[in-house]
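Trainee: Hi, have you got a few minutes to go through this structure with me? I'd like to start broad and then look at single residues.

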Amino acid sequence: MLTFDLPNISLPALPESEREVAWAIQSNLFELPSIVEHVSSAVALFQFSTGQRIAHPGAGESEEDRGKRHKHNDMLRDWKMMAAKAGAIKIYEFHRLEQAIDAMLKKCPTLEAMLDLEARKRAARLFHDTFPNFADVRDVAAHGAEIFDNPDKVNRHATRGEIYGLPNFMIKSGDGKIVGRDLLVESTYSAVFEGKQVSYNLSDATVATLHSVCTERMNMFAPAQRATREILMKRLTEARAQPSSDQSSRL
């Protein structure tokens, strides 16, 4: 189970006009860890499916056993592809949530002024360095049938260059260019998109990177969280210092 230190940014210091936006920001912020968990589950399914493959036993395999082995391995191959596509979609969703948080912060200037901007830069740099083609990979994973549904699109996405790995589905266009879709080699999922190969790696390292990005996103709000605690502690101290109504009546 992945763990995160989720900040409290209810912020009594915020003006009333910004509090609803701040709650929406916090809601999206708290959704980020669940997406990391989903990617972790996709990796787990991918690795499980890889480990459960039945190897060819060699000579002496009966026709019935061969059929069962192929059926079993085909199912595992499908599970691996499902996991790879699910991971690609979730990584894209993670970034869209980041964008939503940043957009809403512009409507919450008091909170935005409290941010750790260096943490935000670290999160952005780490995400884009690790997933440079995340949007293209997601488009192929989620909308492959639409992307390659006519000859004009096939030619637009095709390449003459070398591609890494043997695809499950390839088309040679009329002028000899190649389109690769849903390529899966070891733990790398890729496709040829707009003339270039785009990919991501479905591995424990990917989950670790997303965990780090998520942690930096939480760290962004650390100053705001400290401000919240300080205000609440000050109010609590002031409340304790005031005499109760019973004590006031006796004075």
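Mentor: Happy to; we'll go from the overall fold to the core, the charged pairs and a few individual residues. Keep in mind that this is a predicted model.

Trainee: How many helices and strands are there in the chain?

Mentor: The chain has 9 helices and 4 strands. Following the sequence, the order is α-α-α-α-α-α-β-β-β-β-α-α-α.

Trainee: And what share of the residues is buried?

Mentor: Of the chain's 251 residues, 38% count as buried. The accessible surface is about 14200 Å², and carbon and sulfur atoms account for 53% of that.

Trainee: What about contacts, how far along the sequence do they reach?

Mentor: Take the contacts between residues at least 6 apart in sequence: 70% of them join residues at least 24 apart.

Trainee: Okay, on to the core. Which residues have the most contacts inside the largest nonpolar core?

Mentor: Those are Ile25, Phe94, Leu111, Tyr189 and Phe221, in a core of 54 residues. Elements giving two or more residues to this core include helices H1 (16–51), H2 and H7 (204–220), along with strands S2, S3 and S4 (196–201).

Trainee: Let's stay with S2. Is that strand enclosed or open?

Mentor: Strand S2 covers residues 178–185, and 6 of its 8 residues are buried, so the rest of the structure largely encloses it.

Trainee: Which way do S2 and S3 run relative to each other, and how many bridges join them?

Mentor: S2 and S3 (residues 188–193) run antiparallel and are joined by 3 bridges. One pairing to look at is valine 185, whose bridge partner in S3 is threonine 188.

Trainee: What's in the loop between S2 and S3?

Mentor: Glutamate 186 is found there. The hairpin has 2 residues between the strands, and glutamate 186 has a phi near 55°, which is positive although the residue is not glycine.

Trainee: Why does a positive phi deserve a remark?

Mentor: Most residues other than glycine have a negative phi.

Trainee: Fair enough. Is glutamate 186 buried or exposed?

Mentor: Glutamate 186 counts as exposed, with a relative accessibility of 67%.

Trainee: Switching to charges: how many salt bridges are counted?

Mentor: The count comes to 15 salt bridges. As background, side chains of opposite charge can pair when their charged atoms come close.

Trainee: Can you give me one that links distant parts of the sequence?

Mentor: Try aspartate 182 and lysine 85, whose closest N and O atoms are 3.0 Å apart. Aspartate 182 sits in strand S2 and lysine 85 in helix H2, so this pair ties together parts that are 97 residues apart in sequence.

Trainee: How accessible are the two partners?

Mentor: Aspartate 182 is buried at 12% relative accessibility, while lysine 85 is partly exposed at 23%. There is also a network in which salt bridges with shared partners join Glu98, Asp102, Arg120 and Arg217.

Trainee: And are there salt bridges inside a single helix?

Mentor: Yes, for example glutamate 63 with arginine 66, where the closest N and O atoms are 2.5 Å apart. The two residues are 3 apart in helix H2, which means about one helical turn separates them. Glutamate 63 is exposed at 56%, and arginine 66 is partly exposed at 34%.

Trainee: Any such pair in H1?

Mentor: Arginine 19 and glutamate 16 form a salt bridge with closest N and O atoms 3.5 Å apart. They are 3 residues apart in helix H1, again about one helical turn. Arginine 19 is partly exposed at 28%, whereas glutamate 16 is exposed at 61%.

Trainee: Back in H2, what's going on with lysine 80?

Mentor: Lysine 80 lies in helix H2 and is buried, yet it has no salt bridge. The nearest side chain of opposite charge belongs to glutamate 186, 9.8 Å away. A salt bridge needs the nitrogen within 4 Å of a carboxyl oxygen, so that distance falls outside the cut-off.

Trainee: Then which residues does lysine 80 contact?

Mentor: Beyond its neighbours within four places in sequence, lysine 80 is in contact with Phe46, Ser49, Thr50 and Leu184.

Trainee: Last one: where does alanine 86 sit?

Mentor: Alanine 86 is also in helix H2, which spans residues 63–105. Alanine 86 is partly exposed, at 35% relative accessible area. The C-alpha atom of alanine 86 is 8.5 Å from that of histidine 38, although the two residues are 48 apart along the chain.

Methods
Residues numbered from 1 in each chain as written. Predicted model: local features only at pLDDT ≥ 70, side-chain atom pairs only at ≥ 80, totals over all residues. Heavy atoms only, no water. Buried < 20%, exposed > 50% of the residue type's maximum accessible area, 1.4 Å probe, protein only. Contact = heavy atoms within 4.5 Å. Areas by Shrake-Rupley, 256 points an atom, 1.4 Å probe, with all protein chains shown as cover. Pairing = 2+ DSSP bridges. Core = buried A, V, L, I, M, F, W, Y, C linked by side-chain atoms within 4.5 Å. Lys, Arg positive; Asp, Glu negative; His and termini not counted.
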